[in-house]
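Subject: Handing over the model

Hello,

Here is the structure I promised to pass on to you. Please open it alongside this message, and I will walk you through what turned up.

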Amino acid sequence: MSMFPSFFNTHCIFCHCRVVSQLSADAATMSQLAATAGGPVSCDYSSGKWVPADDAAAGGSAAAAPRPLYSGKECSQRWSWLTPEWSCELNNRPDLSYEQFRWQPSNYAQGCDLTPFHAHTFLERLRNKVLAFVGDSLARQQYQSLMCMITAGGKDDQINMMVEDVGPDYGFQRANETRRPAGVANHFKATNTTIIFYWSVTLCHEETLQIELTKTKRKTLSLSSATAGSVALHLDQPVRFLRDYFAKFDVLVLNSGHHWNNGKKQVNKWQFYVNGHPVTPTDDLQVISNAYKFAMNATVRWVSERIDNTTNHKQVFYRTISPRHFQNGDWNTGGTCDSISFEADKNVTVPQQGVIVRDLVAENAVVGTNVQLLNITFLSQSRGEAHISKYGRSNHATQDCLHWCLPGIPDTWNEILFTHISDKYQDLANYNFNDLDSSRS
C-alpha cells in the first residue's frame, strides 16, 4: 500500500485509482481520455496547469471572471447555499491565495480554453432543464459551489429572489428536525431551471434487512452484529432516486469512490446482493474493490441504456474521484495538509515528478457507453493546499484533507461542466435576462 500517494489510502479506492509513473505524457492515453470526455481530442480539459488568475501573460480568455468567483462568507451567511464548515474564509483562514488561480487547459491557444462562467448565461443554457448531482459529500460540494457561482455568493439579488425550494417534488422532506433530507432541489423561476443534489455514497439501491424471529427463536438464537440490522446493498441496481427521477434529468453528474472501503462496509453493515440474492462468502465480489468496480459498471450501463440522443439531449457525466492529501497519517491518525504549499507552474499533463493519478474505475466504466467522463483527478491532485485542513467550523485537531475550501477547486469542476453544457446547448437564442416578470413554473 505504501506505493500509493497519501491521498489515496485506506479511505479511497486505491486499488482502482492507479498511479502511473512516466517521464512524458502518453499521447495515445491522453487522446483516449479526451475522446471519452465527450468532445474533440484536442480539447482535453483535464490536462493543463494552474495559472494566476490575473496574469495576462498566461493567456486564456480575456472574458474570464476575476477570482474568487464569489464570497464564501456571504454565500454561507446570507443565503445559506454553502455549508459553514466549508467556507474557510468564514472560519478565519488567514491565507486565501489558493483562491487566486484558474485552470488553463493545455490546448487553450487552439480554442480549448474553458468557457467563461457567467450566471445568466449558465441559466439560459439550462432553460427548461434539470441538472442533478448524485453522489457523496464531494458531489454536495460541487452542488454548493455551483449555487454560489450562480448567485454570486448571495450578491445577485436579481437571481436570488427568483429561487424556490422544490425539494418535495423530488421526495425531499425532512423526517424530523434532527435529520437533514437526502437531497435538495432549487428552481430558478425565470428560466425554469432546476438544480438538484441527492446524497448517495454508493449509487446503489440499499434496503434494510428485516429479520423476524419467533419467541422461541429469540430465546435460542443470538444474532451476530454483522447480521442484525444489516443493509442489503444491491450492486446491480442503481439507487432508487435514479430509477424514480432519471427521466426528468437533462444533465446528470454521478460520482462515488471514497466510501467503498472495508471500514465503511463494516460500519454500515452492508451485505452485498446481486440478482436479488446475497453474494456468497467465497464470491470475488466480497472483495470491496471488485464490488466497487462491478457496481459502477452496472450503474453506468443502466444510465447509458436510457439515454436516447435521437429523441432527447441528455448529458450524463461520471465525475472521477477527488484526491485526498493527508500527510504523516490518515484523518484519524494525525494526518495533516495545512503545511502543503502550491507548486507554481506545475503542469499536470507532464508532472515534474513523473506521476499521474488515474481513476481507472471511472475511465473503464464509461467506455462504450453514452456517459461522458468528467475528469477532475489530474487537475485536483496538485492542489493539496486548497483543502479545508484545520479551518473547518469545528476547529478540532482532526484536519479535513478530503473536502475543499469554497470558493476553491470544485468551482473549476463546474467551469469544465459548464464548458461541456455550453458545447451541447450552444444553439440557444440570445435573451434579455432583465425580463424577469415572465416567471415560469
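A word on burial before anything else: a residue is called buried under 20% relative accessible area, exposed over 50%, and partly exposed in between, with a 1.4 Å probe and protein chains only. By that rule C148 is buried, with a relative accessible area of 0%.

Please keep in mind that this is a predicted model, in which local features need pLDDT of at least 70 and side-chain atom pairs count only at pLDDT 80 or more, while totals for chains, interfaces and linings use all residues. Residues are numbered from 1 along each chain as its sequence is written, and side-chain values use heavy atoms, with hydrogens and water left out.

The disulfides

The structure holds four disulfides, a disulfide being a pair of cysteine sulfur atoms within 2.5 Å. If the bonded cysteines are numbered in sequence order, they pair as 1-4, 2-5, 3-8 and 6-7. Let me take three of the links in turn.

C148 is joined to C75, with 2.0 Å from S to S. The torsion about that S-S bond is about -95 degrees, so the disulfide is left-handed. C75 sits in helix α2 (residues 72-77) and C148 in helix α4 (residues 137-150), so distant parts of the chain, 73 residues apart, are linked. Helices here are DSSP runs of H or I with at least four residues, strands are runs of E with at least two, and both are numbered from the N terminus. C75 is buried too, at a relative accessible area of 0%.

Another disulfide connects C88 and C405, again listed at 2.0 Å from S to S. This link is left-handed, with -85 degrees about the S-S bond. C88 is in the loop between α2 and β3 (101-105), C405 is in the loop between β17 (400-404) and α12, and 317 residues separate the two along the chain. C88 has a relative accessible area of 0% and is buried; C405 counts as buried at 0% as well.

Then there is the bond from C337 to C401, where the S to S distance is 2.2 Å. Its torsion of about -95 degrees makes this disulfide left-handed. Because C337 lies in the loop between β13 (315-319) and β14 (355-357) and C401 in strand β17, the pair ties together parts that are 64 residues apart in sequence. Both cysteines are buried.

C337 also turns up beside S389, a residue of strand β16 (residues 387-389). Leaving aside neighbours within four places in sequence, S389 is in contact (heavy atoms within 4.5 Å) with C337, D338, Q399 and D400. S389 counts as buried, at 5% relative accessibility.

Strands and sheets

Two strands pair if DSSP finds at least two bridges between them. Strand β6 (residues 183-188) is mostly covered, with five of its six residues buried. Three bridges join β6 to strand β5 (residues 163-165), antiparallel, and D165 of β5 stands opposite N186. β6 also pairs with strand β7 (residues 193-199) over six bridges, in the antiparallel sense; there, V184 has F197 as its bridge partner. Four residues lie between the strands of this β6 and β7 hairpin, and N192 takes a positive phi near 55 degrees. F188 has its C-alpha atom 8.1 Å from that of L123, 65 residues away along the chain. L123 lies in helix α3 (residues 119-125) and counts as buried at 0% relative accessibility.

Elsewhere, an open sheet of four strands runs in the order β8-β9-β11-β12, with mixed pairing. Its edge strands are β8 (204-208) and β12 (277-278), each pairing on one side only. β11 (residues 270-274) and β12 run antiparallel and are joined by two bridges; V274 stands opposite H277 of β12.

Helix α12

How far apart are the end C-alpha atoms of helix α12 (residues 409-424)? They are 23 Å apart, which agrees with the 22 Å that its 16 residues should span at 1.5 Å a residue; the expected span is 1.5 Å times one less than the number of residues. Of those 16 residues, 14 are buried, so α12 is largely enclosed by the rest of the structure.

Enjoy exploring, and write back with any questions.

Best wishes
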